[in-house]
Every structure is written in structure tokens, then in C-alpha cells.
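Q: I'm new to this one, so could you take me in close on a single part of it and then show me what lies around it? Please keep it relaxed and walk me through step by step.

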Amino acid sequence: MLKLQATNRLKNYGLSAVAAGFVFLAGPIAADASDFGGELLTDGIENSHVEQLQDLLIEEGYMQQEDASGAYDNATTDAVTNYQKDQQLLADGLAGVQTLGALKVLEQGDENSLVTDLQETLQETGYYNGSLDGYFDDETRDSVKSFQSDADIAVDGLAGPDTFGVLYYESSEAVEEDVPEDEATEEEATEEGAAAVEEETETTESAEVAVEKETKTTESAEVAVEEETEATESAEATEETNGEASASDDGSSSDAEGETFTMEATAYTADCAGCTGETATGIDLNNNRDANVIAVDPNIIPLGSTVHVEGYGEAVAGDTGGGINGEKIDLHVPTEDEALQFGRQDVEVTVLD
């Protein structure tokens, strides 16, 4: 069972609440979660959202009043990083959906984009079947309590640091216990399929085990199923790559530059049966296992773009995949174990250039 330490959670209403042995102290909060929207707050940004974030960090004891300038500076980055470490979130110093949701503590009656993201993640892990409407209603609260019970953390129906830490980063371990036998059998069968690294694993299968082992670039699938000459296969792969490069040259790169997306992320490794280890843009991952490369839909993020991925860092959009369509990405990691451990997460992706 997973267990996380409880934290002092200040609410934005004037009442104290006692749940599952934890006391939540009343106190003033300067910002409501709805004020943040879906914006990724990072170094260099200066606006009212950063001011509200700093107010929350001051209330939680991670920042001094004199350091709050309204600009996302080194002091803010350090405060966010320390908070993330204490709450067992990904400590990257960026304030995205997961960090803001944990810092705010979502409760029944809240209505904002942070609640929508929470509902989507609960739905993906099998705990929520309601509408993705961004309203924290009775059904959302019951889903949170059910997840908390399975994860062996305080069952209070509030989505705070403990809940976000387990839900986003350790949910695959947290729900292993108390699973009905028929569901467990189905999950084990799916995990075995992922462990075997099937060449033509569809997106739906990989989503259930949180690892997308889709056909990495068109040439990998073609090599496995066609008996054509190397020259023909190379020409087909080159034609597709050139087509994507042309789309980028037509101006899609400038359109995407500076944009931030909330995307569904999975992970993959080049060390798999039938994989060439070479990306759609010619990067040899077998000779550079630590390369930060992501697979993208070129219609959303042009190939060759430099991006920043929450929890992963700066990377090159250097690959494509059969299951990577729309606002989905696949992160390259050195080993299969790391890919399985990463699972599936909603992350903030910013196109830098």
C-alpha cells in the first residue's frame, strides 16, 4: 500500500474541517483555483496568476512575503520545487495543473479547469464515470474517496497533495490491491502484452497499461510486415518525412511557437523487438539512450521543434507514431521499466521554438 504524509491544507472558506483524523485549519487564501485556468506558470512569467500562486505558497509556508514580486523568478521556482518535493509530485519547479490542484486543494463545489483535469484522470483510472464538466459534485467526491481508500491515504473526499501525488505518479501501484478477480485477470493479460513489446500495439491497448508501444515511425511497421526491397522502404519513409518537413516549412512552426498545451503523455523505449531505434527525423536512439526526444502529431507540434514537457524537461519533437494523434505525445526513456513506471499522465507542453 502507498502512504504519503499529510500536509497543512488551508481552505478558502472560514470553516475548519476534520476528516479521517486530519484537521484542516481555516485561513485566508488569496486565489481561487478557477483564477489559474489551464496556464502553465514558469520562469519569466509576470502576471496576476503568478501573484496568486505566490500568495498560496506564502500561506503554506514555502515563500516569504518580501520575496513575492508577481514575477516567476528564482525564489518562486525554489518555493514550487520544495513544495513539489514535500508532496511527492514531480519536482520540476513549474506550476502546472497537478501542482496548482494540489496546492489549492479541490473540494466539493469547486468549478474550474483543475477539476476537469482531475475528473479526466479519475475516469482514465476507472474511478469516475460522470460528466467531464469541471464541477466538483457528489459523484466526483465519491470517486476521490474511492481512490483514496484504495491508495491507503486519508479518505476525506478532498483532492489535495496526497491525492494528486498518488493519482498522477503512483496510481498504477495504488490500485493494485482489492481489485475484483475478473478485472485483475484482464489487467494482467494487458500488462503481459505490453511487457512483450508487441510491434503493432494499438493506442487503446497501450492506454490500459499506460505504455504506448505503437509502431515507432512508419518504417518499423513496414519492415516487420512487408517483403519489399530496402530501397523501396527507404523511399517510402523518406517521402513521409519530407511531407512532414514541408508542412513545417509552410508555417506550422511559427503558428505553434510559444503555445502551451495540456497533453496526454506516455513513454516508450527504442530497445524493443522490431524497432530500428531511428526516429522519423533520423535520430539514433540506440546510440543515445538518454536523449530527450518525444513523438508528436506534426499537425499539432511540428517536427524539429524544441519543447518543454512538465516533469520531463526540454526535448526535441523528433519522432512520430501510429497512435500519436491530436494532443498526445510519447516520451523516449532509456528502458522499458522506466516506460512502464511513467504510465500515462496529463502534462503541460510548451513549444519553445
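**A close look at L118**

A: Let's start with L118: if you skip its neighbours within four places in sequence, the residues in contact with L118 are L106, F136, T140, V144, A159, F164, L167 and Y168. Keep in mind that this is a predicted model.

L118 also has a place in a wider group. The largest nonpolar core holds 33 residues, and L118 is listed with L53, L57, L106, L122 and F164 as those with the most contacts inside that core. Which elements give two or more residues to this core? They are α1 (48-59), α2, α3, α4, α5 and α6. Domain 1 (46-104) and domain 2 (105-170) both contribute residues, so the core lies between these two domains. A second core, separate from that one, has 22 residues, including I301, L331, F342 and V347.

Now for the sheet. Six strands form a closed barrel in the order β3-β7-β4-β6-β5-β8, and the pairing is mixed. Ignoring direction, neighbouring strands of this sheet are turned by 45 degrees against each other on average. Here's the link back to where we began: helix α4, which covers residues 113-124, packs on the sheet and touches β3 (260-268) and β8 (345-351). The direction of α4 makes about 130 degrees with that of β8.

One strand worth following around the barrel is β5. Strands of a sheet pair through backbone hydrogen bonds, and they can do so parallel or antiparallel. Strand β5 (residues 306-309) runs antiparallel to β6 (residues 313-319), and four bridges join them. In that pairing, H308 stands opposite E314 in β6. The hairpin of β5 and β6 has three residues between the strands, and G311 takes a positive phi near 85 degrees there. Strand β5 is also joined to β8, again antiparallel, by three bridges. There, V309 stands opposite V349 in β8.

Back among the helices, two loops have a backbone detail you might like to find. Q88 is in the loop between α2 (74-86) and α3 (97-104). Q88 isn't a glycine, yet its phi is positive, at about 60 degrees. Is Q88 buried, partly exposed or exposed? With a relative accessibility of 37%, Q88 counts as partly exposed. D152 sits in the loop between α5 (138-151) and α6 (161-169). D152 is another residue other than glycine with a positive phi, near 60 degrees. The relative accessibility of D152 is 29%, so D152 counts as partly exposed too.

Finally, step back to the whole chain. How many helices and strands does the chain have? There are 12 helices and eight strands. Of the 353 residues in the chain, 48% are buried. If you take contacts between residues at least 6 apart in sequence, 60% of them join residues at least 24 apart. The chain's accessible surface comes to about 15800 Å², and carbon and sulfur atoms account for 43% of that.

Notes:
Residues are numbered from 1 along each chain as its sequence is written. This is a predicted model: local features need pLDDT of at least 70, side-chain atom pairs count only at pLDDT 80 or more; totals for chains, interfaces and linings use all residues. Side-chain values use heavy atoms; hydrogens and water are left out. Buried means under 20% relative accessible area, exposed over 50%, partly exposed in between (1.4 Å probe, protein chains only). Contact means heavy atoms within 4.5 Å. Accessible areas come from the Shrake-Rupley method with a 1.4 Å probe; for residues, only the protein chains shown count as cover. Two strands pair if DSSP finds at least two bridges between them. Axes are lines fitted to C-alpha atoms, for helices over the stretch in contact, and angles run from 0 to 180 degrees between N-to-C directions. A nonpolar core is a set of buried Ala, Val, Leu, Ile, Met, Phe, Trp, Tyr and Cys residues joined through side-chain atoms within 4.5 Å. Domain bounds come from an automatic or database domain assignment.
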